Each structure stands twice: as structure tokens, then as C-alpha cells.
Amino acid sequence: MLRLDHSEQKDVFEGLYDPRLFELSDELKKIDELLRDPQLLTPFKEKFSKKRGRPTVPVATYLRLMYLKDRYQFGYETLVDEVEDHIKWRKFCQIPLDKTVPDSTTLIKLTQKYGPEMIKAVNKQLLENLKEQKIIKGKKLRMDSTVIESNIHYPTDIGLLADSVRTITRIVKEIKELGFATKTKFRDRTRSVKKTILKACKNLRRKTQSKKEAIKEHGQNLLKITRKVITQANDIVETTAEATRNNILDGIKPLHDELKNFIGTTARVIGQTQTVLANPFSSIDSRIVSIFDTEARPIKKGKLGIPCEFGRKIYLQDTEQKIITGYEVFEGNPGDGDFVEEALEKHKEIFDEPPHEIATDRGFSSKENEEKLEQAGVKRISMPKKGKLNKERKQYQKQHWFKRLQRFRAGCEAKISLLKRKFGLRRSRLRGSRGTEIHVGWAILAHNLWQTTRLT
């Protein structure tokens, strides 16, 4: 049963203490006022409202807890401990002193249950409220892209094979502990994998040309070991398939499905490793960089310090008030120019009209994009052209307003830095594209709430 809030419940202990103990900071007071708008809770009510079942954690409490989590970059367990011991934060989260703070596992389940759709709906409603209050005006628009890294170690082919063998072996052991496939042969080869990797690492230190051949040989040996593990793991899958169909034990089906999934992923890793060993300079489409997050991709953004990042690409757009009005998470590395039209539509959806001025970097530039923006009614377009400039274009880009908008655009770099340093946008702690969307959505929502307190 969905509960929206329990602010009507009075804290029986509040009258016994000094009122200053419950006084919120200026920031939390303003956040509390913003989150008290009943329209922010409407999306939850429309989708999850039920009259049966156990009462859920109040949505108002959940939103405030998640704001604190992303504002201070806490883990779920740390968040619960901090709120449990902090009287002012309890007051902010509408948790009386005689009530317990929701468990970390409960918050994790709610985050997955609500998903990225609810976060987008809340953020959209917040933007509409700010527009009605004339806090944001939308006269200017700037956009940029960045990469949010997946929570994985640096990927190498032999490292992925080692991860696959270790994970498959672990799952098989859990299946056997439940009493299934006990007579089916499966050999633990993790020790052989460790020895092979150690030998490869020692060869990397050598400065001779023969080290490439030695590493290639170790890679071939690791492929042989992995194939043997997969063959025996397939026998385990066939043995447990009948128990899964007959629902003999609830715990066997998840393990059976997980093992089957990792066998398929490992087969893809073997294929790409074979390709690399045959031709080290070959290009592989949809390259796997982690067996635990198969949708993450290697992305090059032309950075000197970080030539390649592993994760997903994010597009961000914001206005002159530094409130982020749109974001999107993409797999792989699509071109920046593909986002311009979508960003314009999102802006018009919020403000009912196109912006007067748009500023982007060179990556978004194209003749088609400039024409679309002009046709949409954008008066000034600061979009540096790619390649060599003719005399007319040079004069166009030397205009005062063009340079002024480029300085405005440079603020995107500071915005991205702020999001990564203070709101956890550097690395997603949730796996998969859906998990990354959830992580990014909460970071953006927390930032918008925080930025609003600075404008009011």
C-alpha cells in the first residue's frame, strides 16, 4: 500500500527537547518547501497507488533520504546510519524519534522499483514549478556531453576470461551446495587461471620483442582453460534444467539462469579474444568490457589524461540559471550532433517556445543543425564550425555575441565537473543501462534541488 507522507504524525518527543535541536539549515528548509508540493508525488500516486498490502516507506521520506544520499554521496548503509544519529536530518526526512529509519535494503528495492521513469517525472514537475515561479526563464540554452564510467576494473582480454572462469566456478559451487548436479563432473580451474595470469604479468615487464609472443601464448592457454570450463558448465545447465522446469526448489532457478547467462557472455568474450590474438589492431563492434555490465562500452572523448573511458555517454542541457532541463543516457558513443534536435524539443516542451540563444561546442556543429535551429526560431546560434573556416565564417565567429555565448557555453565544463565531484556522476554504482539511468537521474534531481536553493 503506497503512502505519500506521514508529516501529519507528531513526534511525541519533540516537545521535550530544545527547539533549536530540530531547526533545519537554510538549505534543508528550502529543499523541504520544494518537496512539500503535492504535485511532485502525483506520478507515484498514479502508478503505484494500491489499497492492499503492507504500507510502504512514505514517498516524501524516500525523496528526502535520496536527496541526502546524492547530496553527500553516501552509500545506502552510511545514509541510514547518519540519519539515525542526526536529529535535524530525521526532522527533514519526516522520521519521528520514536520511529526507525528505513533499512538500507528497503531503500535499494524501492530505488529499483520506482526506476528512472519516476525520477524523470519528478524532475519534470520540479522544472514546471520553477517555470511557474519564474525562477527559470529559458532564454538561453547550452548543451554538452560527458561519460559516466561503469563500476568496473580496467578491462583486458585475459582479465575478462579470468573473471568468467571465477564467476562460473562460484555459481556451480552454489548449485552443488544445494544438492544438485553433485555427480556431474566440474573441475575448479581458478588456480590454473591465476598462474597463467601471473606468468603473463611477468612477461609484460620484459623489454624484449619476444614478450608479445609469450603473452599471446598465455592468452591461448587461458582460452583453452575457459573452453573446458564452459563445456563442463553446460553439463551442469542441462542437469539442472529439469529441476528448474519442475520447480523443485526456489533457489535453483535463479542460479540456473545466472549460469546460463554467464556462459553466453563468456562465449562472446572468447570470440573477441580470438579476434584480438589473431589481429591486435582489429576493431570489434559491441566490444564487451565487463561480464557484469555487458552494455558498457569503451568511449574515446579525445582527452589527453584519459584516452579511453568505459561506460555510457550522457548528454546534458541547462539554462542561464544553471538548472539542468534535460539529460539522456546512451550506450556507446553516438555523435554529439544527433542530440541538438532532441534538446530543442525538450526545451520547447518545458518553456513552450524555443530559446533566444543556443551555445554548443564544435562537436554539435553541422549545417543541418544550424538550419533546423534557424527554422525553429532561434535568433542567435553560437556553434563553432568544424574544419577550415572561410573569410565570411571567420567574421561571423568573431562577433561579440558569438564570443559571449561561447563563454556561456564554457560553463558546461564547470557544471559537469561539479556533478562529478559533488553529486556522484563520475561513476555509476548501479549496473546496466537502467541502473545508470537511475543513478544519473537522482544526481540531476539532487543538483537541481540544490541549485534552486541558491536562486531563491
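**Pairs, contacts and buried side chains**

Arg36 counts as partly exposed, because its relative accessibility is 48% (buried means under 20% relative accessible area, exposed over 50%, and partly exposed in between, with a 1.4 Å probe and protein chains only). This model is predicted, so local features need pLDDT of at least 70 and side-chain atom pairs count only at pLDDT 80 or more, whereas totals for chains, interfaces and linings use all residues. Residues are numbered from 1 along each chain as its sequence is written, and side-chain values use heavy atoms, with hydrogens and water left out.

Arg36 has a partner in Asp32, with which it forms a salt bridge whose closest N and O atoms are 2.8 Å apart (a salt bridge is a side-chain nitrogen of Lys or Arg within 4 Å of a carboxyl oxygen of Asp or Glu). Whereas Arg36 is partly exposed, Asp32 counts as buried, because its relative accessibility is 10%. Side chains of opposite charge can pair when their charged atoms come close.

Before the other pairs are taken up, it helps to see the protein as a whole. The chain has 456 residues, and 49% of them count as buried. Its fold holds 15 helices and seven strands (helices, H or I, of at least four residues and strands, E, of at least two are DSSP runs, numbered from the N terminus). The C-alpha trace spans about 75 × 70 × 40 Å along its principal axes. If one takes the contacts between residues at least 6 apart in sequence, 69% of them join residues at least 24 apart (contact means heavy atoms within 4.5 Å).

The salt bridges of the structure number 29, and a few of them can be followed one by one. In the pair of Asp352 and Lys131, the closest N and O atoms are 2.8 Å apart. Asp352 lies in the loop between helix 11 (340-351) and strand 5 (357-359), while Lys131 lies in helix 6 (residues 104-132), so this salt bridge ties together parts that are 221 residues apart in sequence. Asp352 counts as exposed because its relative accessibility is 59%, and Lys131 counts as partly exposed because its value is 28%.

Another pair stays within one helix, for Lys348 and Glu345 both lie in helix 11, three residues apart, which is about one turn of the helix. Their side chains meet in a salt bridge with an N to O distance of 4.0 Å. Lys348 is partly exposed at 28% relative accessibility, and Glu345 is also partly exposed, with a relative accessible area of 43%. Elsewhere, Lys120, Glu328, Glu342 and Lys346 are linked with one another in a network of salt bridges.

From the charged pairs the reader can turn to some buried residues, beginning with helix 15 (residues 432-455), where Ile438 is found. Ile438 has a relative accessible area of 0% and is therefore buried. When residues up to four places away in sequence are not counted, Ile438 touches Thr111, Gln112, Gly115, Pro116, Ile119 and Leu430. By way of contrast, Ser365 is 73 residues away from Ile438 along the chain, and the C-alpha atoms of these two residues are separated by 30 Å.

Helix 15 also holds Gln451, which counts as buried because its relative accessibility is 5%. Apart from residues up to four places away in sequence, Gln451 touches Gln321, Lys322, Ile323 and Lys415.

The last residue on this path is Phe262, whose place is in helix 10 (residues 252-278). Phe262 is buried, as its relative accessible area of 8% shows. If its neighbours within four places in sequence are left aside, Phe262 is in contact with Thr167, Ile168, Ile171, Ile291 and Phe292. Ile416 lies 154 residues away from Phe262 along the chain, and their C-alpha atoms are separated by 35 Å.
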